[in-house]
Amino acid sequence: MTKRGGFATRLGAIAAAVGSAVGLGNIWRFPYEAGMNGGGAFILVYIGCILVMGIPVILSEFIIGRSTHSNMKAALRRLSPGKKYYLFTYLCILGSFVVIGFYSVVCGWIIEYLYQAAIGQLSGHTPQEYNEMFSSLVANPWRCVGWTILFLILNFFVMSRGVEKGIERVARVMMPLLFVILAIFCINSLLMPGASKGLKFLFYPNFSALTMRGVLDAFGQAFLSLSIGISCLVTYSSYFKDDTSLAKDAITVAGLDTLVAILSGVMIFPAVFSFGVEPTAGPRLIFEVLPGIFQQMTGGYFWALLFFLLVFFASLTSTISLSEIPITFLIEERNLTRNRAINWAALVTFVLATLAALSFNVLDDIKLWGKNIFDMMDYAASNIFMLLGGLFTAVYVGWILDRKVVHNQLTNNGRLKARFVEPYLIFCLRYVAPVSIFFIFLYLTGII
Ligand code: PHE
């Protein structure tokens with residue numbers, strides 16, 4: 001068997017896990033979801049979901065990964081010998097491809113905007129022109145596919161450097177930078193004339209704007225944002241060292257991820273209100289609304305550049321964690337070398353991402369339930385794959401896995417205390433998570 005790679009330092013491991021969690025989900029998706037679903041009301045539901053489902057499922061993935069130091073399939077085989085639970089791995093791999101498929105298209109748009117910002121083309125336009133700029137980008141198959149593939153090449157280049165020299169190093173450099181840039185934006189945003197209106201919109205719980213659909217979106221958003229349900233954190237934690245506290249790490253990851261999501265709202269909404277634009281713009285918010293705002297700010301050129309750099313860092317550390325799922329699987333279960341595994345994973349990703357990139361132009365008449373390929377992938381990823389995966393993980397660790405494994409992992413074989421954490425975890429996994437996910441499915445299937 002080939003020697004497994006691993007994270008060299010605890011900080012590196014945390015940076016990588018936070019890097020996975022913090023991504024487009026926080027900066028691009030969270031603000032517009034909150035904007036469309038009643039601001040503070042959405043945030044309250046979201047935080048509740050993190051507490052009763054997010055942290056317990058993160059911890060479960062950590063337990064599976066670190067107790068076995070192997071990929072999901074080998075882990076489930078080892079933890080439940082003779083049982084077929086390991087088949088769940090295939091759902092995870094499929095899920096990871098679906099996520100990265102639509103995700104990398106948005107990353108492609110980010111690189112285009114980064115480029116436009118760098119050459120100074122992102123300023124000096126009317127709001128109408130910003131709309132047209134984005135529309136003409138997504139309508140152009142060459143540009144969409146080209147940027148997406150460029151992003152993916154970069155992604156797989158990092159992967160080819162390995163766990164420590166690729167993933168860990170990139171995360172250790174990019175994550176602190178990301179926090180610094182975000183802090184600068186937030187301070188600037190709070191100093192704007194419309195700040196209080198923006199903050200009120202973000203934090204005041206307007207329950208009348210929150211529908212059942214919004215509640216469901218909060219759940220899907222939490223799963224997507226925390227990278228749970230498709231064994232991503234199983235894969236990362238399989239590289240963790242045996243002496244780190246899993247509970248602390250899980251809380252750190254969830255805490256920082258939520259903080260970045262909320263700070264992204266703080267960065268965006270005051271600006272949106274100060275410049276009098278619609279806060280409910282949806283997925284186009286950061287592409288159509290923000291550039292218009294940047295150009296009205298002093299030093300707009302740098303703000304725009306800095307912003308898209310921030311989003312770029314966040315997305316790259318997420319896609320590398322997504323592609324590590326099939327890559328580890330191929331190396332360990334199919335005995336491929338790391339480079340061959342990367343080639344296969346890259347090939348599948350290129351195909352899916354190209355389909356998603358073409359769904360706004362060449363393939364835009366392919367629609368199911370009114371959704372194009374991109375929207376279907378986005379929807380299936382967070383509302384089906386990750387939720388189902390989260391349910392499986394919760395039920396598996398809560399009901400099936402030997403309690404001794406859970407206890408030993410939480411306490412590092414008796415060296416740490418877990419007097420509160422363990423019962424909390426088990427209660428959430430056994431009852432809260434399955435019941436909530438069950439209701440979500442009833443809702444999704446139209447039964448309630
Ligand atoms: N959590 C990432 C984000 O918020 C997306 C992601 C999902 C990454 C699943 C890895 C696995 O953008």
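In this predicted model, 16 residues surround the ligand, and those that come nearest are Ala21, Gly25, Tyr103, Leu224 and Ser225. Polar atoms of the protein approach the ligand at several points. The side chain of Tyr103 places an N or O atom 2.4 Å from a ligand oxygen atom. Two backbone approaches may be set beside this one: a polar backbone atom of Ala21 lies 2.9 Å from an oxygen atom of the ligand, and a polar backbone atom of Leu24 lies 3.1 Å from an oxygen atom of the ligand.

From the ligand, the reader may turn to helix α2, which spans residues 24–36. Helix α2 packs against α3 with the two axes 7 Å apart and at an angle of about 125°. Angles over 145 degrees would count as roughly antiparallel and those from 65 to 115 as roughly perpendicular; α2 and α3 are therefore oblique to each other. On the α2 side the contact involves Phe30, Glu33 and Ala34, which meet Phe42, Ile43 and Tyr46 of α3. Sorted by class, this contact comprises 5 nonpolar residues and 1 charged residue, with no polar ones.

Helix α3 itself covers residues 40–68 and also packs against helix α18, residues 421–444. Here the axes come within 9 Å and cross at roughly 115°, so the two helices are roughly perpendicular to each other. The crossing of α3 and α18 is left-handed. From α3, the contributors are Leu51, Val52, Met53, Pro56, Val57, Leu59, Ser60 and Ile63. Those of α18 are Val421, Tyr424, Leu425, Cys428, Leu429, Val432, Ala433, Ser436 and Ile437. The contact of α3 with α18 holds 15 nonpolar and 2 polar residues and no charged ones.

A further helix pair involves the stretch that contains Tyr103. Helix α5 runs over residues 88–118, and helix α15 over residues 338–358. Their axes come within 8 Å and cross at roughly 55°. Roughly parallel helices have angles under 35 degrees, and the roughly perpendicular range begins at 65; α5 and α15 are therefore oblique to each other. Their crossing is right-handed. Phe97, Ile100, Gly101, Phe102, Ser104 and Val105 of α5 face Ala345, Val348, Thr349, Leu352, Ala353, Ala356 and Ala357 of α15 in this contact. The residues of the α5 and α15 contact divide into 10 nonpolar and 3 polar, with no charged residue.

Definitions and conventions. Residues numbered from 1 in each chain as written. Predicted model: local features only at pLDDT ≥ 70, side-chain atom pairs only at ≥ 80, totals over all residues. Heavy atoms only, no water. Axes fitted to C-alpha atoms, helices over the stretch in contact; angles between N-to-C directions. Helix = DSSP H or I, 4+ residues; strand = E, 2+ residues; numbered from the N terminus. Left-handed = near helix turned anticlockwise from the far one by under 90°. Contact = heavy atoms within 4.5 Å. Nonpolar A, V, L, I, M, F, W, Y, C, P; charged D, E, K, R; others polar. Near = heavy atom within 4 Å. Polar contact = N/O pair within 3.5 Å; in protein donor to acceptor, adjacent residues only side chain to side chain.
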